[in-house]
Amino acid sequence: AAGWRKQKLQPNAPVGDEVFLRRAYLTVAGRIPTYQEATAFLKSEAPNKRAQLVDALLDSEGYTHHFLSYWSDVLRAQSVGVAGSTTAQNYLNFLRDSLKTNKPYDQLARELVSSAGTCFDTGAIGYYMRDRGMPLDNMANTVRIFLGTRLECAQCHNHPFDKWTQMDYYQMAAHTYGMTGSNGLSNPLLADAFYGRSGKKNKEMMAGAGKKDMGKAMTEILRPLRYNTVLDQTDKRTLRLPHDYQYSDAKPKDAIEPVIPASFSKDGKITREDMKPVEAYAQWMASKDNPRFTLVIANRLWKKAMGMGLIEPVDEITDSTVPSNPQLMAFLEQTMKEVNYDMKAYLRVVFNSASYQRAAHTQDVQLGEQY
């Protein structure tokens, strides 16, 4: 309300039950209500029937399915691909189960960023397998998704429009550089089961069939087992600057230690002897002490509910970014912390607010216009 007064704006009128009913179903479950559902709600005389509807929808399978579509977009999940359909499906199953069990968002983020093992151990490895062979690109996606900042330009040179340097990029990427996707046949026991020691079994198999046909058969047999493993080698693999590094703070091909750049945070070196670099990074990134982490998820879910974020774009935040309503943004951040990143609890606050229950804005929002 203070924001409206400051901008000399009049709020839209509250909506009736019919509009709220349709809106709630579309927002939470991704569908309109059935005739029976609509009739039951509209005939109800319970004073808190809107809050009851919100609770029922958030606890429904509709929420899981609808928000799985949303998070699959954000986290770039695929129904096929991810270098192998087995990992792809297990990645989707991991996201689906996380939503169904209402896993706290900070826990979800840490599990994704520190995931290692096979897709049968945890589908979360799909997060790294999605960028198999591209660890520097993966770091850019991590920072964009969870910290709302775009670093892509700094991978090749100092950012022309922001404070990020190429050194900043490499220092950040050094935390996760050793997260490597494997084809799943690097396990010596598994390889031996198919090929035998010194290839003896393979030679015997080849003797009874054409080499070309046997090769095709083995490819089909092994297809479900390909690219199903992510190895955590962040304490063993060293990231080096590119051969054409051109700045005076280091030389080309210099080894880079994992450090949180000063232009992003004052935390500096967060690695510990008892923790692999990627684990330390995940703990730092998804901490309540990391203001950018809470800001981004609070703004993302506000946009999901309301259609526009208090910060736009949601993943291009800079030091000069100011929310359209700073007081409201601060309240939403605090709310997210108080519910300990319980996304349903946070959404319940938004859906029960007077803001969500006002009439929709019916015109396009022009660039620079107060909204």
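A salt bridge here is a side-chain nitrogen of Lys or Arg within 4 Å of a carboxyl oxygen of Asp or Glu. With that cut-off, a search of the whole structure turns up 17 salt bridges. The structure is a predicted model, in which local features need pLDDT of at least 70 and side-chain atom pairs count only at pLDDT 80 or more, while totals for chains, interfaces and linings use all residues. Residues are numbered from 1 along each chain as its sequence is written, and side-chain values use heavy atoms, with hydrogens and water left out.

Let us begin with the charged pairs. Side chains of opposite charge can pair when their charged atoms come close. Aspartate 131 and arginine 76 form one such salt bridge, with the closest N and O atoms 2.6 Å apart. This pair links distant parts of the chain, 55 residues apart: aspartate 131 lies in the loop between α8 (126–129) and α9 (135–147), and arginine 76 in the loop between α5 (61–74) and α6 (85–100). (Helices are DSSP runs of H or I with at least four residues, numbered from the N terminus.) Are these two partners buried or exposed? Both aspartate 131 and arginine 76 are buried, where buried means under 20% relative accessible area, exposed over 50% and partly exposed in between, for a 1.4 Å probe and protein chains only.

Glutamate 111 and lysine 103 also meet in a salt bridge, at 2.8 Å from N to O. Glutamate 111 is partly exposed, with a relative accessible area of 26%, whereas lysine 103 is buried at 14%. Glutamate 152 and arginine 150 pair at 3.0 Å, N to O; glutamate 152 is partly exposed at 34% relative accessibility, and arginine 150 is partly exposed at 30%. These two belong to a network of salt bridges that links Arg144, Arg150, Glu152 and Asp315.

Now turn to the nonpolar side. In soluble globular proteins, nonpolar side chains tend to be buried together. The largest nonpolar core (a set of buried Ala, Val, Leu, Ile, Met, Phe, Trp, Tyr and Cys residues joined through side-chain atoms within 4.5 Å) has 94 residues, and Trp71, Phe146 and Tyr281 have the most contacts inside it. Helix α15 supplies the largest share of this core, eight residues. Beyond its neighbours within four places in sequence, phenylalanine 146 is in contact (heavy atoms within 4.5 Å) with residues including Leu75, Tyr105, Met285 and Phe293.

Helix α16 (residues 326–338) is a good place to look next. Its 13 residues reach 18 Å from first C-alpha to last, close to the 18 Å expected at 1.5 Å a residue, the expected span being 1.5 Å times one less than the number of residues. Met329, Leu332, Glu333, Thr335 and Met336 are buried in α16. Seen down the axis of α16, these buried residues fall within an arc of 160 degrees, so they line one face of the helix; the arc is that of the directions from the helix axis to the C-beta atoms. They pack against α15 (291–306) and α17 (343–351). The face of α16 turned away from its buried side carries the exposed residues Gln327 and Glu338. After α16 comes asparagine 340, with a positive phi near 55 degrees.

Finally, follow the chain to phenylalanine 351, found in helix α17. Phenylalanine 351 is buried, with a relative accessible area of 1%. Leaving aside neighbours within four places in sequence, its contacts include Phe20, Val54, Ala305 and Tyr356. Phenylalanine 351 and tryptophan 302 are 49 residues apart in sequence and 9.7 Å apart in space, C-alpha to C-alpha.

Notes. Helices (H or I, at least four residues) and strands (E, at least two) are DSSP runs, numbered from the N terminus.
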